[in-house]
Every structure is written in C-alpha cells, then in structure tokens.
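Reader: Could you take me through this model with care, one question at a time?

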Amino acid sequence: MTDDAAPAGTIKDKLVRTKERWAEEGRLLTGTHGDPDRDRLPPGQRLVKDWPVLDLGIQPTVPEAKARLDLDGLVETPLSLSWQDLMAVPQETRRNDIHCVTQWSRYDNYWRGIPVRTLLQRARPKPEARFVAMESHDGYTTNLPLADLDRDENLLATHWDDKPLERVHGGPLRLVVPHLYFWKSPKWLRRITLIAEDKPGFWEVRGYHLRGDPWMEERYG
Ligand SMILES: Nc1nc2c(c(=O)[nH]1)N[C@H]1C(S)=C(S)[C@@H](COP(=O)(O)O)O[C@H]1N2
Ligand SMILES: [Mo]
C-alpha cells in the first residue's frame with residue numbers, strides 16, 4: 001500500500017454526460033411501483049450475477065493508516081475516528097440485495113462492518129438534524145434523509161463475502177444503504193455531516209432523485 005490517499009484515474013466525462021442525458025430523457029422509467037413484499041426485483045431492473053464496478057473513474061487508494069471517518073454537523077458529540085477507532089467498534093453482518101439506477105440489481109450480498117446506528121447513537125443527532133451530506137476520498141458526494149441513514153440494515157462495510165472489501169468496491173470503508181439505489185451508498189467514505197436542509201450531491205445536481213427509492217422508481221427528480 002502507498003502512504004497516501006492517491007487518486008488513480010480521471011473523471012469519466014462520457015459516463016457523466018450519458019447519465020445526465022438519461023435523467024433528462026427519463027430513461028428506464030416503467031411508470032409503475034413495485035411491492036417489496038411481493039417482488040424481489042424493483043421495476044425496470046435487471047438481475048446480474050457478477051458485481052459491476054460503477055464510479056466516476058477515480059479509485060483512490062486509502063491506506064488504513066489514513067482512513068478516517070468523521071461524523072459531524074448537527075450532533076451533540078462530533079466523532080473523528082481513525083481506522084484503529086473504527087476497528088474497536090463491534091462489527092455485524094448483513095445480507096441484502098443492491099440496485100443500481102443504471103438498471104442492474106444483485107441479490108444476496110453478504111457484508112460485514114459497523115452498524116451505522118452504533119455511530120449515530122454515539123454522536124447523538126440534534127433535533128434539527130433531518131438530512132445527511134456525505135463525502136468520499138474521490139470527491140464524490142451524495143445526500144440522504146437522516147431517517148434513511150438511521151436504519152438497522154445500514155452498514156459501514158469493511159468486508160464482503162468474508163474478505164476485506166476490495167478497493168474498486170470502496171474499500172477499506174464504504175456505506176451500504178440497501179433499500180435505496182446504490183448511488184446512495186458511497187465508496188471510500190470520509191465524512192458524514194448531519195444538516196437541517198437537504199443538500200444535493202454529485203448525481204442529485206445532475207438530475208437524479210434526492211431520495212432514490214427503487215420500489216417507487218425514484219430515479220430522477
Ligand atoms: N465514492 C464513490 N461512491 C460511489 C460512486 C462513486 O462514483 N464514488 N458511485 C455510486 C454508484 S452510481 C454506484 S451504482 C455504486 C457502485 O458500487 P460498486 O462499484 O461497488 O458496484 O457506488 C456508488 N458510490
Ligand atoms: Mo449507480
């Protein structure tokens with residue numbers, strides 16, 4: 001491993017433009033709603049067996065010595081955790097399906113990591129905190145309602161299939177919020193900031209939905 005969080009790549013401008021056009025055209029919309037109690041695949045999605053890599057093209061190497069996670073903003077106790085601090089938090093496992101807005105879904109992903117709720121309970125959100133803004137080592141940003149982050153199934157994943165999470169999939173630390181489209185699950189996560197008003201991230205300012213529920217087809221908005 002290198003001793004710095006070195007970016008390895010450049011932004012894929014073509015991918016960004018294509019996805020902006022999809023948002024303008026409302027591509028892939030079926031105009032229906034899915035029922036997660038009845039169907040396993042959300043509307044307009046297609047099942048894959050492999051695990052695609054999807055990002056802006058900058059895949060930073062984040063050595064564990066430099067991996068920090070800050071949880072700040074509208075909290076009583078801001079946290080700034082080193083890798084050692086993070087590894088001292090009890091880990092749990094989850095199994096879930098993931099759904100990318102570019103149409104692929106993948107079933108039965110087996111994660112290990114830190115429950116988001118453990119850290120939220122330590123930081124203690126203030127009553128006026130209603131949204132979160134997140135930032136990653138590649139410069140990627142995305143946002144969520146706090147209620148969508150504060151869920152039992154959400155993990156700060158360090159492992160996938162009992163192996164350390166690969167760099168291309170966001171290792172050493174990524175968020176997994178399985179009930180929303182996968183662009184709401186930032187890889188190489190660096191900071192979570194609780195805020196009062198919603199703040200659109202990278203894809204949200206380019207036509208993508210503020211919340212992103214795949215069952216409601218909240219692709220664009
Ligand atoms: N830091 C970062 N996180 C990111 C992205 C990104 O470009 N940068 N892309 C998002 C998108 S669009 C998807 S579909 C998933 C893809 O994760 P994967 O490459 O592990 O499949 O990561 C999300 N998280
Ligand atoms: Mo995506």
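Reader: Which of the 20 residues around ligand 1 come nearest?

Author: This is a predicted model, in which local features need pLDDT of at least 70, side-chain atom pairs count only at pLDDT 80 or more, and totals for chains, interfaces and linings use all residues. Residues are numbered from 1 along each chain as its sequence is written, chains are lettered from A and ligands numbered from 1 in the order in which they are written, and side-chain values use heavy atoms, with hydrogens and water left out. Counting a residue as near if one of its heavy atoms lies within 4 Å, the 20 residues around ligand 1 are led in nearness by Pro52, Asp138, His169, Arg174 and Lys187.

Reader: How far is an oxygen atom of ligand 1 from an N or O atom in the side chain of Arg174?

Author: A polar contact is a pair of N or O atoms within 3.5 Å. A nitrogen atom of ligand 1 lies 3.1 Å from a polar backbone atom of Ser185, and an oxygen atom of the ligand is 3.0 Å from a polar backbone atom of Leu56. For the side chain of Arg174, the distance from an oxygen atom of ligand 1 to an N or O atom is 2.7 Å.

Reader: How much of the accessible area of ligand 1 does the protein cover?

Author: On its own, ligand 1 has 540 Å² of accessible area (Shrake-Rupley method, 1.4 Å probe). Of that area, the protein covers 99%.

Reader: Is Thr141 buried, partly exposed or exposed?

Author: Thr141 is found in strand β7, residues 141–145 (a DSSP run of E, at least two residues). Buried means under 20% relative accessible area and exposed over 50%; because its value is 26%, Thr141 is partly exposed.

Conventions:
Helices (H or I, at least four residues) and strands (E, at least two) are DSSP runs, numbered from the N terminus. Buried means under 20% relative accessible area, exposed over 50%, partly exposed in between (1.4 Å probe, protein chains only). A polar contact is a pair of N or O atoms within 3.5 Å; within protein, one must be able to donate a hydrogen and the other to accept it, and residues adjacent in sequence count only if both atoms are side-chain atoms.
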